[in-house]
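Work through the exercises below with the model open beside you. Try each task before you read its solution.

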Number of protein chains: 2
Amino acid sequence: MVARPMVDTAINPDTGLPRRVVIREVGPRDGFQNEPELIPTDDKIALIEQLAATGVPRMELTSFVRADVVPQLADGPEVLARVELPAGLERSVIVPNPRGLDLALANSEHFDDVNVFLSASESHNRANVNRSVAESLAGLVPMLARIADAGLRPRASISTAFGCPYEGTVPVERVAEISEALLDAGAVDLNLADTTGMANPVTVKRLFVTLLERFGERAELTAHFHNTRGQGLANVVAALEVGVTSFDSSFGELGGCPVPPGATGNIATEDLVSLLHEMGVETGIDLDSMIAASAAVQRILGRRLTSHTLVSGPVDWH
Amino acid sequence: MVARPMVDTAINPDTGLPRRVVIREVGPRDGFQNEPELIPTDDKIALIEQLAATGVPRMELTSFVRADVVPQLADGPEVLARVELPAGLERSVIVPNPRGLDLALANSEHFDDVNVFLSASESHNRANVNRSVAESLAGLVPMLARIADAGLRPRASISTAFGCPYEGTVPVERVAEISEALLDAGAVDLNLADTTGMANPVTVKRLFVTLLERFGERAELTAHFHNTRGQGLANVVAALEVGVTSFDSSFGELGGCPVPPGATGNIATEDLVSLLHEMGVETGIDLDSMIAASAAVQRILGRRLTSHTLVSGPVDWH
């Protein structure tokens with residue numbers, strides 16, 4: 001497991017924002033799994049290596065899911081075995097269940113973190129994994145322990161943390177209860193996910209103020225926003241303003257839930273980096289290289305992606 | 001000239017944001033003028049009437065420019081004469097020079113406000129109108145007086161107020177000087193325009209804090225953001241947080257500067273309204289009707305527009 005470097009989370013007094021944040025590139029998992037056409041393994045490996053060369057400090061590489069359910073990631077073990085990555089990159093995978101974890105642990109020399117997940121709302125969790133939230137939590141407890149026992153970093157994602165397409169509002173207190181249960185079970189990172197793009201800057205601040213106050217000393221809290229309604233970067237700024245310093249994003253704005261057709265996915269890494277650098281927040285990522293990686297995946301996918309900076313280029317301040 | 005209703009700009013203590021804002025729909029001018037294909041006059045009239053029926057309180061209807069330079073708006077006088085609008089709608093037009101103002105004043109029974117403009121940066125003003133900023137200011141002084149003498153509301157827009165593609169940073173003090181000169185010449189509203197999408201939440205707050213402190217009692221300050229780098233709504237929230245309560249936007253995310261190809265334009269009215277309503281900020285606009293208006297212009301233009309809510313629909317909270 002790669003050591004996690006200390007992040008300088010000091011506030012810049014000129015802006016009231018953190019001086020530096022950590023970005024996790026999730027495109028190779030969240031993006032690739034949502035593409036209707038299979039991406040050739042060689043292309044995946046080249047793209048992941050190109051992403052790593054941008055300086056991004058963390059990347060989610062694949063998911064250990066059934067090949068018949070998610071054929072897009074059936075080559076996960078081969079990708080992990082063949083891809084050549086810099087020593088300092090923190091690599092994560094995602095597992096949906098104990099069987100996925102068995103598979104992951106058989107390949108564990110290739111990554112550092114294992115991410116498990118559940119939904120904050122009963123209806124979404126039921127629709128996604130056909131279990132109640134309590135049943136999912138009970139199942140995750142031994143999985144988190146096995147991840148830690150294997151010398152890997154246990155992470156947990158909470159979907160629909162900012163709203164559920166079936167139930168509407170998800171109470172902050174409910175997300176806090178689930179967060180506490182996951183931390184008590186050994187999770188060291190929590191991902192708060194806006195799965196269907198229902199967060200807004202007010203609800204983002206409300207949730208993170210509560211969670212950072214209660215759990216900020218125990219765990220790292222990551223914001224995982226989608227850009228479904230164009231508010232993704234506004235939500236990032238809201239999270240920054242209350243002290244969040246860890247973000248997920250996907251190059252090219254890939255991924256997320258591509259329903260309805262044309263809906264945008266995760267926030268685009270290059271748009272996030274452009275925003276942060278313009279505000280004086282460091283990421284360690286070279287923006288031009290990240291735009292080049294998105295241009296490369298756009299060529300491979302053969303369709304115009306929805307990232308903004310990919311089209312406009314970075315702000316050139318002369 | 002339609003009377004401008006008092007806007008309740010009280011702050012909602014739960015969110016720290018204004019309870020209500022005023023949106024000006026600029027699509028019929030800023031959007032239509034940037035379309036490569038001419039939109040039939042009948043379609044324009046139908047779209048403007050559909051927009052007015054959404055409840056939007058202000059609309060920019062056309063620009064009095066040379067027909068050989070901007071053929072897209074050559075039918076401006078006919079549109080103004082034929083369109084049927086509700087009595088309370090505040091209607092504006094834009095004029096680039098004294099000759100445009102002559103034309104406008106010959107049609108002045110059809111609108112309430114006249115907007116003049118210049119750039120905050122020398123290079124952009126030179127590129128746009130081939131004059132220095134001082135020369136432009138000197139030319140605007142008698143125009144603003146003529147607008148007021150005609151019983152119309154004089155508005156002034158400052159382009160590149162948040163950054164210039166040729167010069168980079170535009171000092172806040174320079175924008176403040178130009179603002180003061182325009183107010184002294186009789187402008188009652190100032191539009192601060194992010195012409196090429198270079199604003200970010202930090203620079204938005206910095207400029208508006210200064211301008212509101214100095215001029216907030218004398219004039220209404222409007223934010224006119226583009227979504228070139230995906231930051232448009234983040235900039236709106238930043239402006240709201242420091243007390244801006246007036247915004248320009250364009251249905252369907254039309255307009256702005258469509259260079260390079262694929263670059264997005266003004267912030268989309270429907271995305272702005274969705275954001276504001278989700279945060280409890282009232283606009284008086286029916287979101288479903290606004291999305292329907294954007295769907296209508298999308299059909300007429302025959303290409304997929306870049307607005308998010310047009311694809312995703314509004315958040316349904318059940």
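A residue is buried if 20 or more other C-beta atoms lie within 10 Å of its own, and exposed if 12 or fewer do. Keep in mind that this is a predicted model.

**Exercise 1. Two residues with positive phi**

Task: Decide for B:Thr160 and for B:Asn130 whether each is buried or exposed.

Solution:
- Step 1. Start with the backbone angle. Most residues other than glycine have a negative phi.
- Step 2. B:Thr160 is not a glycine, yet its phi is positive, about 50°.
- Step 3. Find its place. B:Thr160 sits in the loop between S7 and H7 of chain B.
- Step 4. Count its neighbours. B:Thr160 has 26 other C-beta atoms within 10 Å, so it is buried.
- Step 5. Turn to B:Asn130. Its phi is near 60°, again positive in a residue other than glycine.
- Step 6. B:Asn130 lies in the loop between helix H5 (122-129) and helix H6 (133-149) of chain B.
- Step 7. B:Asn130 has 9 other C-beta atoms within 10 Å, so it is exposed.

**Exercise 2. The barrel of chain A**

Task: State in which order the strands of the chain A barrel follow each other, then look at two of its pairs.

Solution:
- Step 1. Eight strands close the barrel of chain A, in the order S3-S4-S5-S6-S7-S8-S9-S10. Their pairing is parallel.
- Step 2. Check the turn between neighbours. On average, neighbouring strands of this sheet are turned by 30° against each other, direction ignored.
- Step 3. Take one pair inside the barrel. S4(A) (residues 58-63) and S5(A) (residues 90-94) run parallel and share five bridges. Here A:Arg58 has A:Glu90 of S5(A) as its bridge partner.
- Step 4. Now find where the barrel closes. S3(A) (residues 22-25) and S10(A) run parallel and are joined by four bridges. A:Val22 stands opposite A:Ser246 of S10(A).

**Exercise 3. Strand S10 of chain A**

Task: Say which residues cover each side of S10(A), and what joins this strand to S9(A).

Solution:
- Step 1. S10(A) spans residues 246-249. A:Ser246 and A:Asp248 are on one side, A:Phe247 and A:Ser249 on the other.
- Step 2. These four residues are all buried, and both faces of the strand are covered.
- Step 3. S9(A) (residues 220-224) pairs with S10(A) in the parallel sense, over two bridges. A:Ala223 has A:Phe247 as its partner in S10(A).
- Step 4. Follow the chain between the two strands. S9(A), helix H9(A) (residues 232-241) and S10(A) form a β-α-β unit, and the unit is right-handed.

**Exercise 4. Helix H10 of chain A**

Task: Find how many residues of H10(A) are buried, and what covers them.

Solution:
- Step 1. H10(A) spans residues 269-278, and nine of its ten residues are buried.
- Step 2. Among the buried ones are A:Leu272, A:Val273, A:Leu275 and A:Leu276. The charged residues A:Glu270, A:Asp271 and A:Glu278 are buried too.
- Step 3. The cover includes S3, H9, S10, H11 (287-301) and H12 (309-312) of chain A. H9 of chain B takes part as well.
- Step 4. Look just past the helix. There A:Gly280 has a positive phi of about 80°.

**Exercise 5. Two helices in chain B**

Task: Describe how H7(B) and H8(B) pack.

Solution:
- Step 1. H7(B) covers residues 172-184 and H8(B) residues 201-215. They pack at an angle of about 35°, with axes 10 Å apart.
- Step 2. Their crossing is right-handed.
- Step 3. H7(B) contributes B:Val172, B:Val175, B:Ala176, B:Ser179 and B:Leu183 to the contact. Residues from H8(B) include B:Leu207, B:Leu211 and B:Phe215.
- Step 4. Sort the contact by class. It has seven nonpolar, two polar and two charged residues.

**Exercise 6. Where the chains meet**

Task: Work out how many residues each chain gives to the contact, and which element of chain B gives the largest share.

Solution:
- Step 1. Chain B gives 33 residues and chain A gives 34.
- Step 2. In chain B, the elements that give two or more residues are H8, H9, H10 and H12.
- Step 3. H10(B) has the largest share, with four residues.
- Step 4. The chain B side divides into 13 nonpolar, 15 polar and five charged residues.

Methods. Residues are numbered from 1 along each chain as its sequence is written. Chains are lettered from A and ligands numbered from 1 in the order in which they are written. This is a predicted model: local features need pLDDT of at least 70, side-chain atom pairs count only at pLDDT 80 or more; totals for chains, interfaces and linings use all residues. Two strands pair if DSSP finds at least two bridges between them. A crossover is right-handed if, with the strands pointing away from the viewer, the path from the first strand over the helix to the second runs clockwise. Axes are lines fitted to C-alpha atoms, for helices over the stretch in contact, and angles run from 0 to 180 degrees between N-to-C directions. A crossing is left-handed if the near helix is turned anticlockwise from the far one by less than a right angle, and right-handed if clockwise. Two residues are in contact if their C-beta atoms, placed from the backbone, lie within 7 Å.
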